[in-house]
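Here are my notes on the model you sent, set out as numbered points. They start with a term and then go through the domains, the sheets and the ligand shells.

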Amino acid sequence: VDSLKGKDLLTLLDYSKEEITDLIQLAVDLKMLTKAGKCPPLLEGKTLGMIFEKHSTRTRISFEVGMKQLGGNGMFMNARDLQIGRGESVYDTGHVLSGYLDGIMIRANSHAMVKELAEHASIPVINGLTDIFHPCQALADILTIHEVKGYTAGLKLAYIGDGNNVAHSLVIAAANMGMHIAVATPVGYEANEQILEKAKAIALENGGSLFVSNDPIEAAVNADVVYTDVWTSMGQEDETVKRLADFKDFQINDALVSNAKDDYMFLHCLPAHREEEVASSVIDGPNSYIFQQAENRLHAQKAVLASVMA
Ligand code: CP
Ligand code: NVA
């Protein structure tokens, strides 16, 4: 995607509908070529630095494998082992890393810190999850819906659970695709109001809609896609007991999904807690696409890497 060359991916709010659509198409093409053993070495000789302040399975491995498949190299760095972990400034780190690397992928506690790093790095910075956004996840989610349903515009997406980073990026991506989005969270766990407003405007521009409530059933009614995430995100472990109680009516189970369309898709960014946010019968049932979704992190991110680092 030519217009993305050299660009950061901090949030999909910075990307146009055309850019997101083109990334999904590029991901489809790269997935096909890769499965045929013909992934083009678009990033030959390039190195992506991968900085993690938090745990990861999918993000770490899919970025590292993706770089390798594109002919480049992904370098894992635990933030605690870097000097930034003992107080070196983001400013200096951004400048120094720009002298060695061709791109940075970072999973961080604070979105503000990632923005600051991107300001001071002359190379593209890709957000691998912050407290506010998880854009790479949302691209993989849209890719998965596109593969399973054949299209995305006009489909109803129900996000039921915590109004968190995953929810924010998902509603922005789905709004660009012209989907009808219903977000249901418990009272007090609503998604960020400004992000919801922006997503709503984008959805309306694209023939979709966005509806917010505290009622999981209302959200699930007639849904083509039912999506949830953990109730307690990384860094919120102190709140686990309270959250278990506050979210108890928001479990995705057989009763709740009986409101959705018969051929609904269940999605979850993973990792999941079975019998908490989702019943085993749903996540391990015939309507669940979680492993295709997880694999698609690889393909969607390769499209991003090939576009911004080319
Ligand atoms: N979905 C996701 O980002 O998974 P990891 O935390 O394993 O990277
Ligand atoms: N909302 C979760 C997503 C993990 C991929 C978290 O931030 O921990």
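1. A term first: two strands count as paired if DSSP finds at least two bridges between them. In this predicted model, Ala 184 has Ser 213, in strand 7, as its bridge partner. Five bridges join strand 6 (residues 180–184) to strand 7, and the two strands run parallel.

2. Overall division. The protein is split into domain 1 (2–133 + 297–308) and domain 2 (137–293). Their centres, taken over C-alpha atoms, are separated by 25 Å. Domain 1 puts 20 residues into the contact and domain 2 puts in 17 residues. On the domain 1 side, helix 1 (17–35) and helix 12 (290–308) each supply at least two residues. Helix 1 gives the most to that side, with five residues. By class, the side of domain 1 that touches domain 2 has eleven nonpolar, four polar and five charged residues.

3. Record annotation. UniProt, in an unreviewed entry, places "domain: Aspartate/ornithine carbamoyltransferase carbamoyl-P binding" at residues 7–147. This span is 45% helix and 14% strand, and its end C-alpha atoms lie 27 Å apart. The feature "domain: Aspartate/ornithine carbamoyltransferase Asp/Orn-binding", also from UniProt (unreviewed entry), is placed at residues 154–307. That stretch is 41% helix and 15% strand, with 28 Å between its end C-alpha atoms.

4. The four-stranded sheet. Four strands form an open sheet with parallel pairing, in the order 2-1-3-4. Strand 2 (73–78) and strand 4 (125–127) are the edge strands, and each pairs on one side only. Neighbouring strands of this sheet are turned against each other by 20 degrees on average, direction ignored. Strand 1 (residues 47–52) and strand 3 (residues 103–107) run parallel and are joined by five bridges. Opposite Met 50 stands Met 105, in strand 3.

5. The five-stranded sheet. Here the order is 7-6-5-8-9, again an open sheet with parallel pairing. Strand 7 (209–213) and strand 9 (265–268) each have a single partner strand, so one side of each is left without a neighbour in the sheet. From one strand to the next the twist averages 20 degrees.

6. Helices on this sheet. Helix 6 (residues 165–176) lies across strand 5 (156–160), strand 6, strand 7 and strand 8 (225–228). Relative to strand 6, helix 6 runs at about 165 degrees. Helix 7 (residues 193–205) lies across strand 6 and strand 7, and runs at about 145 degrees to strand 7.

7. Ligand 1. Which residues surround ligand 1? They are Ser 56, Thr 57, Arg 58, Thr 59, Leu 129, Gln 137, Cys 269 and Leu 270. The shell holds three nonpolar, four polar and one charged residues. Domain 1 and domain 2 each provide at least three residues of the shell around ligand 1.

8. Ligand 2. The residues around ligand 2 are Leu 129, Asn 164, Asn 165, Val 166, Asp 229, Val 230, Ser 233, Met 234 and Cys 269. By class, the shell around ligand 2 has five nonpolar, three polar and one charged residues. Leu 129 and Cys 269 appear in the shells of both ligands.

9. Annotated binding positions. The UniProt annotation "binding site", from an unreviewed entry, covers Asn 165, Asp 229, Ser 233 and Met 234. These residues are spread over 70 residues of sequence but cluster in space, with a largest C-alpha distance of 11.7 Å. Asn 165, Asp 229, Ser 233 and Met 234 are among the residues around ligand 2. Asp 229 is in the loop between strand 8 and helix 9 (240–246).

10. Backbone points to check by eye. Most residues other than glycine have a negative phi, and most peptide bonds are trans. Leu 129 has a positive phi, near 115 degrees. Its place is in the loop between strand 4 and helix 5 (135–149). Leu 270 and Pro 271 are joined by a cis peptide bond, with omega about 0 degrees. Pro 271 is found in the loop between strand 9 and helix 11 (280–283). Both Leu 129 and Leu 270 belong to the shell around ligand 1.

Terms used
Residues are numbered from 1 along each chain as its sequence is written. Chains are lettered from A and ligands numbered from 1 in the order in which they are written. This is a predicted model: local features need pLDDT of at least 70, side-chain atom pairs count only at pLDDT 80 or more; totals for chains, interfaces and linings use all residues. Axes are lines fitted to C-alpha atoms, for helices over the stretch in contact, and angles run from 0 to 180 degrees between N-to-C directions. A residue is near a molecule or strand if its C-beta atom, placed from the backbone, lies within 6 Å of it. Ala, Val, Leu, Ile, Met, Phe, Trp, Tyr, Cys and Pro count as nonpolar, Asp, Glu, Lys and Arg as charged, and the others, Gly among them, as polar. UniProt positions are given in the numbering used here, feature names are shortened, and annotations may be inferred rather than shown by experiment. Domain bounds come from an automatic or database domain assignment. Two residues are in contact if their C-beta atoms, placed from the backbone, lie within 7 Å.
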